[in-house]
Amino acid sequence: MSRRLVNITLDNLDDLPRRCRGCVFWELDPAGFERAVKAGDPGLEKEAWVSATLLEWGSCGKIAYVDDVPAGFVLFAPPLYVPRSISFPTSPVSADAVLLMTAHIVPDFAGGGLGRMLVQGVAKDLVRRGVKAVEAFGDLKGEDGACMVPADYLLSVGFKTVRPHHRYPRLRLELKSVLSWREDVEVALERLLGSMTPEGILRPV
C-alpha cells in the first residue's frame, strides 16, 4: 500500500467527504454561514475561500491518500482568513500562530497514525514558511460529525492547552516539537497499513 500527502487545491477539493466539501462553518462568520446555508449552495463559498486563500497566502490544507483513496484531510490558515475564529470564548489565536480549522480521518482509516501524518505534514509546510506554532479550538464534547476537532485528539498529537475552557479550550502546538515525530509516525502507519483489509478499503466513503 502507498500513502501520500498532497496540498488541497481546487482540482482535488471534491475528494473531501461530501459533508465537509459543502461546509463553510470556519470559512464564514456566523451570519455569512447562515446566509450560505439558506442560499442552498455553501460548496461554492468553500471553493471561493480555498481559491482566495491559495492566491493570497498559499497552501491551506492537505489530503492524505492511501492507495489513491482519500483517507483524511486537514485545513489551516491564519486567523485573519478564518472569520469564525473570533466567535470563540478563548479567542484570539496568538499572533505568531496559524489556526488548524478542522481535521477528519475517514473511519475505515482511523486509529493508526494518519492524524499524526497530517499534522506533521502541516508542520513541515509551515516551518518552511517561517510559522512558529499552530493553534486550534478544541471541543471537549467531541461530537461526531461536528466541524470541531476533539480536544482529546489534539492533545494526543502534541497540542498543549494555552487557554482552558469548559467546552472550547484553545490549544497550541510548537512546530519545532513536531519534526522529531518521523520515526513514531512511520511505526504507527506501518501498523495501520498492516491491519487494513481490502474489504474495509473498498467500502464507499
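The lining of the largest pocket is made up of 13 nonpolar, four polar and four charged residues. That tally comes from a predicted model, as does everything that follows. The pocket encloses about 400 Å³ of space. Its lining counts 21 residues, and the closest to the pocket centre are Ala 103, His 104, Ile 105, Met 148 and Pro 150. Which element gives the most to this lining? Strand S4 does, with four residues. Helix H1 (18-21) and strand S6 (149-150), like S4, each supply at least two.

Now turn to the enclosed space. The structure holds one cavity of 30 Å³ or more. The space in this largest cavity is about 40 Å³. Its lining consists of Val 74, Leu 100, Ala 103, Ile 105, Gly 115, Leu 118, Val 119 and Tyr 153. Two or more of these residues come from S4, and two or more from helix H4 (114-128). By class, seven are nonpolar, one is polar and none is charged. Ala 103 and Ile 105 line the cavity, and both are also among the residues closest to the centre of the largest pocket.

Next comes the packing. In soluble globular proteins, nonpolar side chains tend to be buried together. Here the largest nonpolar core has 30 residues, and Ile 8, Trp 26 and Met 101 touch the most other members. Helices H2 (30-39) and H3 (42-56) each give two or more residues to this core, as do strands S2 (61-66), S3 (69-77), S4 (97-105) and S5 (133-139). Apart from this core lies another, of 21 residues, including Leu 118, Val 119, Val 134 and Leu 171. Leu 118 and Val 119 also belong to the cavity lining.

Ile 8 deserves a closer look. Beyond its neighbours within four places in sequence, Ile 8 is in contact with Leu 13, Leu 16, Val 50 and Leu 54. Its other contacts of this kind are Gly 61, Lys 62, Ile 63, Phe 73, Val 74 and Leu 75. Val 74 is also one of the residues that line the cavity.

Finally, consider a charged residue. Is Asp 139, in strand S5, buried or exposed? Asp 139 counts as buried because its relative accessibility is 3%, and the cut-off for buried is under 20%. What does its side chain reach? One partner is the backbone nitrogen of Lys 141, at 3.0 Å. Another is the side chain of Arg 167, joined to that of Asp 139 by a polar contact of 2.6 Å. Not counting residues up to four places away in sequence, Asp 139 touches Met 148, Val 149, Pro 150, Ala 151, Arg 167 and Tyr 168. Met 148 and Pro 150 lead back to the largest pocket, being among the residues closest to its centre.

Terms used: Residues are numbered from 1 along each chain as its sequence is written. This is a predicted model: local features need pLDDT of at least 70, side-chain atom pairs count only at pLDDT 80 or more; totals for chains, interfaces and linings use all residues. Side-chain values use heavy atoms; hydrogens and water are left out. A nonpolar core is a set of buried Ala, Val, Leu, Ile, Met, Phe, Trp, Tyr and Cys residues joined through side-chain atoms within 4.5 Å. Buried means under 20% relative accessible area, exposed over 50%, partly exposed in between (1.4 Å probe, protein chains only). Contact means heavy atoms within 4.5 Å. A polar contact is a pair of N or O atoms within 3.5 Å; within protein, one must be able to donate a hydrogen and the other to accept it, and residues adjacent in sequence count only if both atoms are side-chain atoms. On a 1 Å grid over the protein atoms alone, a cavity is a set of points where a 1.4 Å probe fits but cannot get out, and a pocket is an open set with protein on both sides within 12 Å along at least five of seven lines; lining residues have an atom within 4 Å of a point. Grid points are joined across faces, edges and corners, and a volume is the space filled by probe spheres set on the points. Ala, Val, Leu, Ile, Met, Phe, Trp, Tyr, Cys and Pro count as nonpolar, Asp, Glu, Lys and Arg as charged, and the others, Gly among them, as polar.
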